[in-house]
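Let's take a walk through this protein chain together. Have a look at the sequence and the fold first, then read on.

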Amino acid sequence: MQGSRISTEQLDKLMNLVGELVINRSRVKELTGEATSKDLELVLSDFQKLTRELQEEVLEIRMVPLDHITNIFPRMIRDLAKAQNKKINFIIRGKEIKLDRAIMEEIVDPLVHLLRNAADHGIEIPEKRVELGKDENGTIMITASRQQNYVLIKIEDDGRGINTEEIRKAALEKGLISREEAEKLSEREAIQLIFAPGLSTSSMITDLSGRGVGMDVVKNRIERLGGSIKVDSKPGSGSRFELRLPITIALYQAMLVKVGMERYAIPFTNIVKSISVRKEEVRHIGGEEVVVMNEKALPLLRLRKLFQLPDIQKEENLVVVIVENAGRYIGLVVDALLGKQEVILKNFKSRLLEKTRGFAGATIMGDGSVILILDVNSII
């Protein structure tokens, strides 16, 4: 007997209804906060337990193992290797790791693109590898692991690595950066340029990898899911792409912060840590506020300034939330940290709001107030 199939739309609707139930539960709790009835306390406790169990069950139904999509990859790599007379060992680890099926459907194309790139441009032909003192068999490995509140997927190869000179040249030719900027770029910053819109070098374009379908498409798809992507590469040793993805797009683990009179949520997938910085530690470099950490300058972005609010007078210490995107770090200056919260993401359905930069959506709190969820990827 075959298991009944439930459409993603039905699951989304069910998750929305559970979300409304969770919000209403918090609302009831807020409204009865002062009441001291023992019976009411028991009913509320049961209500909380039931909604939590229902929430977990619906989330579990939405989850599918990575194996759901990775089973197409070995043959794809085998065919690519054969077409180019290459020898490639392909390894998959962590295919039992589960993700929300809505996320799974969205990451197939980015993973295919990254794996094709590794097979097509990363791995050298056997003769070249032997000449370089490498094993004639190249290796491409995809590894998935469950972190605290996100899934980490790594795509690694031991090929030629990314040629940063070629990237600088292509970025210059397309007018993405000036000559002065190109000279100032560190190796790590130059590598990140592969995500720039419209950038494709001659070694990125072949019949196999899709005629230069840019890495920007991959990056945008991952970020739209509330995830992030970063790349690391060493010439001659290979490349590693890291995808950080939320386990589900319905629920966010977020840090609530206060800016002015409002509260905002910052997704935990982007947060590195929060620190306190003394006012005198803030320096100015090229008109930008920075703080030196581990001998590196961390740029600061005051959310008050971003939201066009007046500065706080007599400020002693800055509350800074360090966030990361594609290997870039920035410190978001907030007024106060309000603690960790599980939030139900509501996307902007209005055509007027869906292109709003800086926000991924909103959530409704137990007191009925609406809180905006910051989209760190578009702020950095």
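Among contacts between residues at least 6 apart in sequence, what percentage join residues at least 24 apart? In the protein chain it's 67%, where contact means heavy atoms within 4.5 Å.

A quick word on what you're looking at: this is a predicted model, where local features need pLDDT of at least 70, side-chain atom pairs count only at pLDDT 80 or more, and totals for chains, interfaces and linings use all residues. Residues are numbered from 1 along each chain as its sequence is written, and side-chain values use heavy atoms, with hydrogens and water left out.

**The whole chain**

The protein chain holds twelve helices and 18 strands. Those are DSSP runs numbered from the N terminus: helices are H or I with at least four residues, and strands are E with at least two. Of the 380 residues, 47% are buried. Buried means under 20% relative accessible area, exposed means over 50%, and partly exposed sits in between (1.4 Å probe, protein chains only).

**Helix H5 and its partner**

Let's zoom in on H5, which runs over residues 101-122. From first C-alpha to last, its 22 residues reach 30 Å, close to the 32 Å expected at 1.5 Å a residue (the expected span is 1.5 Å times one less than the number of residues). H5 isn't perfectly straight, though: there's a bend of about 35 degrees at Ile107, and Pro110 follows within four residues. That bend is the angle between axes fitted to the seven residues ending there and the seven starting there. Most of H5 is covered, with 18 of its 22 residues buried. At the N-terminal end, Asp100 acts as a cap, with a side-chain oxygen 2.9 Å from the backbone nitrogen of Ala102.

How do you describe two packed helices? You give the angle between their axes and the distance between the axes. For H5 and H10 (residues 215-224), the axes come within 9 Å and cross at roughly 145 degrees. Here axes are lines fitted to C-alpha atoms, for helices over the stretch in contact, and angles run from 0 to 180 degrees between N-to-C directions. On the H5 side, the residues that meet H10 include Ile107, Pro110 and His113, while Met215, Val218 and Ile222 are among those on the H10 side.

H10 is mostly covered too, with seven of its ten residues buried. Met215, Val218 and Ile222 are among the buried ones. Besides H5, the buried residues of H10 pack against strands S6 (228-234), S7 (238-246) and S14 (317-325), plus helix H12 (376-379). Just after H10, Gly226 takes a positive phi of about 85 degrees.

**Two residues in a loop**

Most residues other than glycine have a negative phi. The loop between S12 (288-293) and S13 (296-302) contains Asn294, and Glu295 is found there as well. Here's how these two look:

| Residue | Phi | Relative accessibility |
|---|---|---|
| Asn294 | near 50 degrees | 71%, exposed |
| Glu295 | about 65 degrees | 80%, exposed |

**Tyr329 in a strand**

Is Tyr329, in strand S15 (residues 328-334), buried or partly exposed? Tyr329 counts as partly exposed because its relative accessibility is 39%. The C-alpha atoms of Tyr329 and Val272 are separated by 8.7 Å, and these residues are 57 apart along the chain. Leaving out residues up to four places away in sequence, Tyr329 touches several residues, including Lys230, Val272, Leu298 and Ile322.

Conventions: A polar contact is a pair of N or O atoms within 3.5 Å; within protein, one must be able to donate a hydrogen and the other to accept it, and residues adjacent in sequence count only if both atoms are side-chain atoms.
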